[in-house]
Amino acid sequence: METPPPVKKPLPSILPTTLWDFPSQHYGDRMQGDQAYVGATPSYIVWNLLSRYTKPGATVVDPFCGSGTTLDVAKDLGRDGVGFDLAPSRPDIRQADARKIPLPDRSADFVFMDPPYGDHIRYSDHPDCIGKLSSLETGFFQAMDKAFSEGTRLLRPGAHLAVYVCDFFNVRKGFSPVGFRLFSLLEKRLEAVEIVSVVRHNKDLLKGNYRKAAVEQNFYLRGFNYLLIMKRPRL
Ligand SMILES: C[S@@+](CC[C@H](N)C(=O)[O-])C[C@H]1O[C@@H](n2cnc3c(N)ncnc32)[C@H](O)[C@@H]1O
């Protein structure tokens, strides 16, 4: 039997409002990053950010590179992607801790981060994985503060940094407003440019039992992620 041709997903376009929704995780007829990677960033987000805030040839750094979505989108747009992760998933991602990136000061035109936002996903067994820290405790925010300090160090004056993150809720453990707390940490160092809400298409949101429990037990399923867009002030 012949294999059917790959489905072509719509190409992205620059979105004009602060509410972003996408028809699929990827665009075009190839994948960016790996759809099977738990926690992969929808590539439309990276495409929109790089299209708005960088020019061809720009250096784009992702310190939490995961399956490499940022690198693939950067390549599509003619930007120079540089990816790091504690547990690299492919050869073009270098091994490093987001709190200590081996790049010189002011060498990046854009920094994108989609960090862990709680301890509900097991990314790796590396002891320094931020995904082992609960966002209900201060250790998570201290770790992210260091990653933001490092991200700021890398930015050229006038360059942007964006953080894609979700609040945390667990029926037994409670709620952590991760987006607001991370935004306060970012604002200590960088200028706020925008806060965008990105609609989540997590399959759990469609599960009847999850939806029923959310209504009956009076809690909410996470319907959006924050995209916190910041800028390093010019000198
Ligand atoms: C949400 S995933 C990133 C997804 C990625 N943007 C993609 O599209 O595939 C978070 C990543 O952060 C990495 N990570 C966790 N702690 C880290 C640390 N201290 N330094 C660098 N990477 C870390 C994990 O290994 C994981 O790959």
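**Helix pairs and loop residues in a predicted model**

Let me begin with one loop residue. Leaving aside neighbours within four places in sequence, Lys 132 is in contact with Asp 119, Ser 124, Asp 125, His 126 and Pro 127. Please keep in mind throughout that this is a predicted model. Lys 132 belongs to the loop between β5 and α3. Its relative accessibility is 42%, so Lys 132 counts as partly exposed. The C-alpha atom of Lys 132 is separated by 9.7 Å from that of Tyr 117, although the two residues are 15 residues apart along the chain.

One of the contacts of Lys 132 is Pro 127, which also lies in the loop between β5 and α3. Is Pro 127 buried or exposed? With a relative accessible area of 65%, Pro 127 is exposed, because the cut-off for that class is over 50%. Between the C-alpha atoms of Pro 127 and Pro 233 there are 34 Å, and along the chain these residues are 106 residues apart.

From this loop we pass to helix α3, residues 138–154. Its 17 residues, at 1.5 Å a residue, should span 24 Å; the end C-alpha atoms are 25 Å apart, which agrees. Which residues of α3 are buried? They are Phe 140, Phe 141, Ala 143, Met 144, Asp 145, Ala 147, Phe 148, Glu 150, Gly 151, Thr 152 and Leu 154. To read such a list, recall a general point: an α-helix has 3.6 residues a turn, so residues three or four places apart point the same way. The cover over the buried residues of α3 includes the strands β2, β5, β6 and β8, together with helix α4.

The partner α4, residues 178–187, deserves a closer look. The axes of α3 and α4 come within 10 Å and cross at roughly 45°. That angle makes α3 oblique to α4. The crossing of these two helices is right-handed. On the side of α3, the contact is made by Phe 140, Phe 141, Met 144, Asp 145 and Phe 148; on the side of α4, by Val 178, Arg 181, Leu 182, Leu 185 and Leu 186. How do the residues of this contact divide? There are 8 nonpolar residues, no polar ones and 2 charged ones.

A second pair of helices is found earlier in the chain: α1, residues 43–53, and α2, residues 69–76. They pack at an angle of about 50°, and their axes are 9 Å apart. Helix α1 is therefore oblique to α2. The crossing of α1 and α2 is right-handed. Which residues meet here? Ser 43, Val 46, Trp 47 and Leu 50 of α1 meet Thr 69, Thr 70, Val 73 and Ala 74 of α2. The contact of α1 with α2 comprises 5 nonpolar and 3 polar residues, with no charged ones.

Ser 43 is worth following further. This residue of helix α1 has a relative accessibility of 0% and therefore counts as buried. Its contacts, leaving aside neighbours within four places in sequence, are Gln 25, His 26, Tyr 27, Gln 32, Thr 69 and Val 73.

Helix α2 itself is mostly covered, with 6 of its 8 residues buried. These are Thr 69, Thr 70, Leu 71, Asp 72, Val 73 and Ala 74. What covers them includes helix α1 and the strands β2, β3, β4 and β5. After α2 comes Gly 78, whose phi is positive, near 75°.

A positive phi also appears in residues other than glycine. One of these is Arg 106, with phi near 55°. Arg 106 has its place in the loop between β4 and β5. With a relative accessible area of 35%, Arg 106 is partly exposed. Another is Asn 218, where phi is about 60°. Asn 218 is found in the loop between α5 and β10. Is Asn 218 buried or exposed? Asn 218 counts as exposed, because its relative accessibility is 66%.

To close, I return to the two helix pairs. Helix α1 is oblique to α2, and α3 is oblique to α4. The crossing is right-handed for α1 and α2 and right-handed for α3 and α4. As for charge, the contact of α1 with α2 has no charged residues, whereas that of α3 with α4 has 2. Thank you for your attention.

Note on methods:
Residues numbered from 1 in each chain as written. Predicted model: local features only at pLDDT ≥ 70, side-chain atom pairs only at ≥ 80, totals over all residues. Heavy atoms only, no water. Axes fitted to C-alpha atoms, helices over the stretch in contact; angles between N-to-C directions. Helix = DSSP H or I, 4+ residues; strand = E, 2+ residues; numbered from the N terminus. Parallel < 35°, antiparallel > 145°, perpendicular 65-115°, else oblique. Left-handed = near helix turned anticlockwise from the far one by under 90°. Contact = heavy atoms within 4.5 Å. Nonpolar A, V, L, I, M, F, W, Y, C, P; charged D, E, K, R; others polar. Buried < 20%, exposed > 50% of the residue type's maximum accessible area, 1.4 Å probe, protein only. Expected span 1.5 Å × (residues − 1).
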